[in-house]
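Me: I should like to learn how the features of a protein model are read. Could we work through one example together?

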Amino acid sequence: MHPMNTVFSFWRRLQSLALVLCGLAALPAVRADLVTIPAGYLTGTNVWSNTNTYLLDGFVYVLDGAVLRIEAGTVVQGALGTGPTDFGCLFVTRGAKLFAEGTPQNPIIFTAEDDDVTDPTDLGPDDVQLWGGIILLGN
């Protein structure tokens, strides 16, 4: 093997290791509590703390006039359903307010229930349709 190819190969491995290590530094700490948010409606003011992981167990609607504050560093997971309307999904309806401001050091992670957020390689690009997502309805 040519010496330059060896150097290039080493450099690529070093870059990959740096990316993995940087990704691990940005991962949240293990959560103390799993809070299940059942299918239904959120009214009033709701605060989701970064010390918990929130599991959306069905369609969850933030209604007109309601406020949902999600702290930086919070993990929100959607459950995998068995039918067309029972998977985890967050709807923010017209007139509701969502305050969710993560940072590079403390991102808000919206993901599937099966995602181990401490392992950046557990889900790949082929792992799709594992939860419903976030739907913003409004003006």
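The dialogue below goes from the whole chain to single residues.

Me: Before we begin, what kind of model is this?

Reply: This is a predicted model.

Me: How many helices and strands does the protein chain have, and in which order do they run?

Reply: A description of a fold may start with its elements, listed from the N terminus. Here the protein chain has one helix and nine strands. The helix comes at the start of the series, which reads α-β-β-β-β-β-β-β-β-β.

Me: What share of the residues is buried, and what does the chain expose?

Reply: Burial is judged by relative accessible area, with under 20% taken as buried. Of the 139 residues in the protein chain, 31% are buried. The chain exposes about 8800 Å², and carbon and sulfur atoms supply 58% of that area.

Me: What share of the contacts joins residues 24 or more positions apart?

Reply: Sequence separation is the quantity to read here. Among contacts in the protein chain with a separation of 6 or more, 57% are between residues 24 or more positions apart.

Me: Which strands form the open sheet, and is their pairing parallel or antiparallel?

Reply: A sheet is read through the order of its strands and the sense of their pairing. Three strands form this open sheet in the order S2-S4-S7, with parallel pairing. Strand S2 (45-48) and strand S7 (97-100) each have a single partner strand and stand at the edges, so one side of each has no neighbour in the sheet. On average, neighbouring strands of this sheet are turned by 10° against each other, direction ignored.

Me: How many bridges join S4 and S7?

Reply: Pairing can be followed down to individual bridges. Strand S4 (residues 67-70) pairs with S7 over four bridges, in the parallel sense. One of the residues to look at is Val 67, whose bridge partner in S7 is Lys 97.

Me: Where is Gln 129 placed, and is Gln 129 buried or exposed?

Reply: A loop residue may be read by its location, its backbone angle and its accessibility. Gln 129 is in the loop between strand S8 (109-112) and strand S9 (133-136). Phi of Gln 129 is near 55°, a positive value in a residue other than glycine. With a relative accessible area of 74%, Gln 129 is exposed.

Me: Why does Asp 115 count as buried or exposed, whichever applies, and which residues is Asp 115 in contact with?

Reply: The cut-off for buried is under 20% relative accessible area. Asp 115 also lies in the loop between S8 and S9. Asp 115 has 16% relative accessibility and therefore counts as buried. Leaving aside neighbours within four places in sequence, Asp 115 is in contact with Gln 77, Asp 122 and Leu 123.

Key: Residues are numbered from 1 along each chain as its sequence is written. This is a predicted model: local features need pLDDT of at least 70, side-chain atom pairs count only at pLDDT 80 or more; totals for chains, interfaces and linings use all residues. Side-chain values use heavy atoms; hydrogens and water are left out. Helices (H or I, at least four residues) and strands (E, at least two) are DSSP runs, numbered from the N terminus. Buried means under 20% relative accessible area, exposed over 50%, partly exposed in between (1.4 Å probe, protein chains only). Contact means heavy atoms within 4.5 Å. Accessible areas come from the Shrake-Rupley method with a 1.4 Å probe; for residues, only the protein chains shown count as cover. Two strands pair if DSSP finds at least two bridges between them. Axes are lines fitted to C-alpha atoms, for helices over the stretch in contact, and angles run from 0 to 180 degrees between N-to-C directions.
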